[in-house]
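Dear colleague,

I am passing on the structure we spoke about, and below it you will find what I have found so far. Please read the notes with the structure open beside them.

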Amino acid sequence: MLRMFRSSDRSPSPSSVSTPTPPTPPSVLSASMAAGPARPLRLIYCDPQGKFVMDPEAVAALQLVKGPIGVVSVCGRARQGKSFILNQLLGRSNGFQVASTHKPCTKGLWMWSAPLKQTAIDGTEYNLVLLDSEGIEAYDQTGTYSTKIFSLALLLSSMFIYNQLGGIDEAALDRLSLVTEMTKHIRVRASTGRTSFSELGQFSPIFVWLLRDFYLDLVEDGRRISPRDYMELFLRPMQGGGREVITRNEIRDSIRALFPDRECFTLVRPLSDESALQKLDQVQLDKLRPQFRAGLDALTKFVFERTRPKQVGSTIMTGPVFIGITQSFLDAINKGAVPAIASSWQNVEEAECRRAYESAAEVYMANFDRSKPPDEFIVD
């Protein structure tokens, strides 16, 4: 079982960097990780019986990733460009499906078949897996289904990017109130009752609030503020009393507690031409607005610098561990139970230890020469 310790170092906030440096394109592992060329693979879907299932092809690809894994997922409402952002992280114009109709083109969770080789802040080499999430609040979803998809993406991620159009306001906070439902669907340990947001926050990924088509001038009290400052202003408790204020402050409190490590990025509208926007995946990057490219560079740089291997305690995620953890969460959800983070990791760790022991014993026995008699020792 591979064990590592996470560095406590933190890189400086990107908001303090005036001119972001475009990141070096990541190298990609061989496409032989899955049969055929690198492409999106369906990881989790809901079958006709309403059960969440892992796709065997994605499982086979992950089974080959023996080293540490970091996971970046992009989640948000349907038809707001989540797949486009993932394609930019891949360094390509197409990859994850991008469409221009009202119908969601991503169902369940999808992963890129060839993980990106990366190096964490502490020098650890790892494989970066990109996850595309089905849009929440789609017209063909129920609220419970949206919460489960949101929760699964969150549980599996090292970095969780919440993608939305426009600025932060009460309506945006209400949409993100999905997090307040998460304590009904996640536990830290199977033996405990309802988990608090601060307890879940110990296991939460880095949270990035990505504001698309952003047009506001970020000025507060006559001075310019960073996107992160802007986010923190809206997460401060509201003053006053009454049920409405209490409810709104509960949402703010839950976001702050669940995501102690959080950042915010803004991207202006990439193009002015509406018809070109509908075919954004076909537009060359140098044709996009310079401000958009600069914001995209800052976001990409942050993602590659700050993502680290997914880890709980001393156990770090590998391909087989990722499979085991995911299946454990799905089993709980399909039984109507609540996934328990620490308990699931412990069970998978024990299973991996047993598998490693059995494998070592098998190798030992295969190399044991039975043709030689055992050594005889004479004891005086």
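In helix H2, the residues Lys-82, Ser-83, Phe-84, Ile-85, Leu-86, Asn-87, Gln-88, Leu-89 and Leu-90 are buried, and the helix, which spans residues 82–90, is accordingly described as mostly covered, with 9 of its 9 residues buried. Directly after H2 comes Gly-91, which has a positive phi, near 75°. Please keep in mind throughout that this is a predicted model, and that every remark here carries that reservation.

As for the protein as a whole, it has 11 helices and 14 strands, and buried residues make up 48% of its 380 residues. Of the contacts with a separation of 6 or more, 73% are between residues 24 or more positions apart. The protein exposes about 18700 Å², of which carbon and sulfur atoms supply 52%.

The confidence of the prediction deserves a word before the details. The mean pLDDT of the protein is 77, and 69% of the residues reach 70 or more. Among the elements, strand E1 has the lowest mean pLDDT, 42, and strand E12 the highest, 96. Two stretches call for caution: over residues 100–104 the pLDDT stays under 50, although the model has 12 contacts beyond four places in sequence for them, while over residues 376–380 the pLDDT also stays under 50 and the model has 0 such contacts.

Strand E12, residues 262–266, is mostly covered, with 4 of its 5 residues buried. Strand E9, residues 206–212, runs parallel to E12 and is joined to it by 5 bridges, and within this pairing Phe-207 stands opposite Arg-262 of E12.

Turning to the interior, what is the size of the largest nonpolar core, and which residues have the most contacts inside it? This core has 54 residues, and those with the most contacts inside it are Leu-43, Ile-44 and Trp-209. Helix H3, residues 143–156, gives the most to this core, with 8 residues. There is also a second, separate core of 33 residues, which includes Leu-90, Phe-96, Ala-120 and Val-303; Leu-90 is one of the buried residues of H2 mentioned above. As a general background, nonpolar side chains tend to be buried together in soluble globular proteins.

Trp-209 is worth following a little further. Leaving aside neighbours within four places in sequence, Trp-209 is in contact with several residues, among them Tyr-162, Ile-168, Leu-173, Met-231, Leu-235, Glu-263 and Phe-265. One of these partners, Leu-235, has its place in helix H6 and counts as buried, at 1% relative accessibility. Again leaving aside neighbours within four places, Leu-235 is in contact with Leu-173, Trp-209, Arg-252, Ile-255, Arg-256 and Arg-262. The C-alpha atoms of Leu-235 and Ile-251, which are 16 residues apart along the chain, are separated by 8.7 Å.

Finally, the charged pairs: the count of salt bridges comes to 14. Arg-39 forms one with Glu-57, the closest N and O atoms being 2.1 Å apart. Because Arg-39 lies in the loop between strands E1 and E2 and Glu-57 in helix H1, this pair ties together parts that are 18 residues apart in sequence. Arg-39 is partly exposed, with a relative accessible area of 23%, and Glu-57 is likewise partly exposed, with a relative accessible area of 36%.

Where do Arg-228 and Glu-263 lie? Arg-228 lies in helix H6, residues 227–235, and Glu-263 in strand E12, so the pair ties together parts that are 35 residues apart in sequence. The salt bridge between Arg-228 and Glu-263 has its closest N and O atoms 3.7 Å apart. Arg-228 is partly exposed, with a relative accessible area of 29%, whereas Glu-263 counts as buried, at 3% relative accessibility.

A further salt bridge brings together the side chains of Arg-243 and Glu-250, at 3.9 Å from N to O; here Arg-243 counts as exposed, at 54% relative accessibility, and Glu-250 as partly exposed, at 41%. In addition, Glu-170, Glu-244, Arg-248 and Arg-252 are joined into one network by salt bridges that share partners.

With best regards

Conventions: Residues numbered from 1 in each chain as written. Predicted model: local features only at pLDDT ≥ 70, side-chain atom pairs only at ≥ 80, totals over all residues. Heavy atoms only, no water. Buried < 20%, exposed > 50% of the residue type's maximum accessible area, 1.4 Å probe, protein only. Helix = DSSP H or I, 4+ residues; strand = E, 2+ residues; numbered from the N terminus. Contact = heavy atoms within 4.5 Å. Areas by Shrake-Rupley, 256 points an atom, 1.4 Å probe, with all protein chains shown as cover. Pairing = 2+ DSSP bridges. Salt bridge = Lys/Arg side-chain N within 4 Å of Asp/Glu carboxyl O. pLDDT = per-residue confidence, 0-100. Core = buried A, V, L, I, M, F, W, Y, C linked by side-chain atoms within 4.5 Å.
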